[in-house]
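Me: I would like a close look at one part of this model, the surroundings of the ligand, set out as one connected account.

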Amino acid sequence: MRIAVIGGGVIGLTTAYALVRQGHQVELIEKRDQVALETSFANGGQLSYRYVSPLADAGVPLQALGWMFRGNDAPLRFRPKMSMQQWRWCARFLLACRRSTNRRNAAHLLRLALHSQQVLRNWREQDGLDDFAWRANGKLVIYRDRASLDKAAAGLNGDGNQQLFDADQCAAIEPALQPLADALQGGIYSPGDEVADCHLFCRRLLERLGRSPNFQLHGGQTVTALRSEQGRVCAVRLGPEELAVDHLVVAAGAASVALLRPLGIELPIYPLKGYSLTLPLRNHAGIPDTNVTDYDNKVVYARLGDNLRVAAMVDIGGWDASLDQGRIAMLQRLASEAFPAAGDYRSATQWAGLRPATPEGTPLLGATELDNLWLNVGHGSLGFTLACGSADLLCGLIGDQRPAVALDGLTLTS
Ligand SMILES: Cc1cc2nc3c(=O)[nH]c(=O)nc-3n(C[C@H](O)[C@H](O)[C@H](O)COP(=O)(O)OP(=O)(O)OC[C@H]3O[C@@H](n4cnc5c(N)ncnc54)[C@H](O)[C@@H]3O)c2cc1C
């Protein structure tokens, strides 16, 4: 089949890769001159397959109220806008904060994440996909607050894939945490989690795709409209021209909302801005080898080759991805308190990106009411983790195959 994919971020590229692997012809349309320059550029790098609890959880609304008075220090910051879309998203987010809803959505995410891990393993082992700073290094979520740790521990299912550690055990598994041990109540360790550089991964996928006669990249081309007739999309508009399509996958991150609205498809996606720092390391002493999430400060740390990536924060306040120097200063302070040995965080490369988030934290995959229009959107804070599994599932759906894992909770209608 001839399939067009809009969006050259990690979701669009993995979709294109899965489709070409299955023998389809793919045209990938990306508005930037190069791929993965938007949200997939400098994210946290964590392949967080086991720790997938959505942001919407019991207690978060109350916490968020407190954070409103903390300014730049708040892990989550709400900036109200004159936007029905923002308010509708927030109302749905509040509903998703029920503990039972959080658990249900976490189960959907876990199913997809574990499938994603398997698909990436296949691509690495069968296709020799490598050279993107991938490591199987495990993940440790550390807690400074006893109540938060107890709440997280109550959600463990005892299968050994996630282990509850006290502060000494945390410092033993990750020696870089030793200076922090007195401040910690404990942690949750997921030995099977992984890390990689998302931008490098996207570039490697593009290199592979570029060698296939079944792949074409339309770089530096913005889709401005989709044309539909008789319940099908027949073409996408690229500037003054139209590109005819047999099937179309929308994987344009947060921009997917505006693309689909004229067709009457309202995606429940809002951009959650986050920030990162990338610090080149002089040596690895005192730097965590394991992925570390500082739960109470909501900061993630991952070593990507010879760099330390520090990522954090959620700003619910509109569609611009500009850097806020107040937020960056706060991130620099938190990182230098946690891992001072890494160097001078003021010299780190700064970045901000928009997570394309649904209120529930679950992505939207699969069919729409138009016959040949498919979605792979809304991966929020777990897009890198979920990308390969989402791409594989969507590829199966387009090919009319039985999905490898159940899709409930992961589609526009469920
Ligand atoms: C601070 C931060 C930390 C994060 N940490 C992690 C992490 O540790 N682990 C993890 O799994 N996830 C993480 N994420 C989430 C992850 O980065 C995103 O979920 C993921 O990058 C989304 O990918 P995407 O392809 O949907 O969107 P994008 O990467 O934004 O790609 C969309 C692409 O579509 C293109 N596009 C848009 N409109 C058009 C158009 N009209 N025509 C043509 N092209 C168009 C854009 O140029 C862009 O390249 C983090 C995100 C942030 C912000």
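Which N or O atom in the side chain of Glu-30 or distance in Å describes how an oxygen atom of the ligand is placed relative to Glu-30?

Reply: The model is a predicted one, and the distances below should be read with that in mind. An oxygen atom of the ligand is placed 2.6 Å from an N or O atom belonging to the side chain of Glu-30. The backbone also takes part: a nitrogen atom of the ligand has a backbone N or O atom of Gly-44 at 2.8 Å, while an oxygen atom of the ligand has a backbone N or O atom of Gly-45 at 3.3 Å. Considered alone, the ligand exposes 1000 Å², of which the protein buries 96%.

Turning to the shell as a whole, there are 37 residues around the ligand, and those that come nearest are Glu-30, Ser-40, Gln-46, Gly-380 and Thr-385. Sorted by class, this shell has 18 polar residues, 14 nonpolar residues and five charged residues. Several elements each supply at least two residues of the shell, namely helix 1 (10–21), strand 2 (25–30), strand 14 (270–280), strand 18 (349–357) and helix 10 (383–398).

Helix 1 can be followed a little further through Thr-14, which lies in that helix. Thr-14 has a relative accessible area of 0% and is therefore buried, since buried means under 20%. A polar atom of the Thr-14 side chain lies 2.6 Å from the backbone oxygen of Val-10. Setting aside neighbours within four places in sequence, Thr-14 is in contact with Trp-123, Phe-201, Leu-205, Ala-387, Cys-388 and Ala-391.

On the cysteines, the count of disulfides comes to zero. The sulfur of Cys-198 has its closest cysteine sulfur in Cys-202, at 4.5 Å, and this is too far for a bond because a disulfide needs the two sulfur atoms within 2.5 Å. Cys-198 counts as buried at 1% relative accessibility, and Cys-202 likewise counts as buried, at 0%.

A further cysteine, Cys-234, lies in strand 11 (residues 232–238), and at 22% relative accessibility Cys-234 counts as partly exposed. Not counting residues up to four places away in sequence, Cys-234 touches Arg-227, Ser-228, Glu-229, Leu-243, Ala-244 and Val-245. The C-alpha atoms of Cys-234 and Thr-278 are separated by 42 Å, the two residues being 44 residues apart along the chain.

How values were computed. Residues are numbered from 1 along each chain as its sequence is written. This is a predicted model: local features need pLDDT of at least 70, side-chain atom pairs count only at pLDDT 80 or more; totals for chains, interfaces and linings use all residues. Side-chain values use heavy atoms; hydrogens and water are left out. Helices (H or I, at least four residues) and strands (E, at least two) are DSSP runs, numbered from the N terminus. Buried means under 20% relative accessible area, exposed over 50%, partly exposed in between (1.4 Å probe, protein chains only). Contact means heavy atoms within 4.5 Å. A residue is near a molecule or strand if one of its heavy atoms lies within 4 Å of it. A polar contact is a pair of N or O atoms within 3.5 Å; within protein, one must be able to donate a hydrogen and the other to accept it, and residues adjacent in sequence count only if both atoms are side-chain atoms. Accessible areas come from the Shrake-Rupley method with a 1.4 Å probe; for residues, only the protein chains shown count as cover. Ala, Val, Leu, Ile, Met, Phe, Trp, Tyr, Cys and Pro count as nonpolar, Asp, Glu, Lys and Arg as charged, and the others, Gly among them, as polar.
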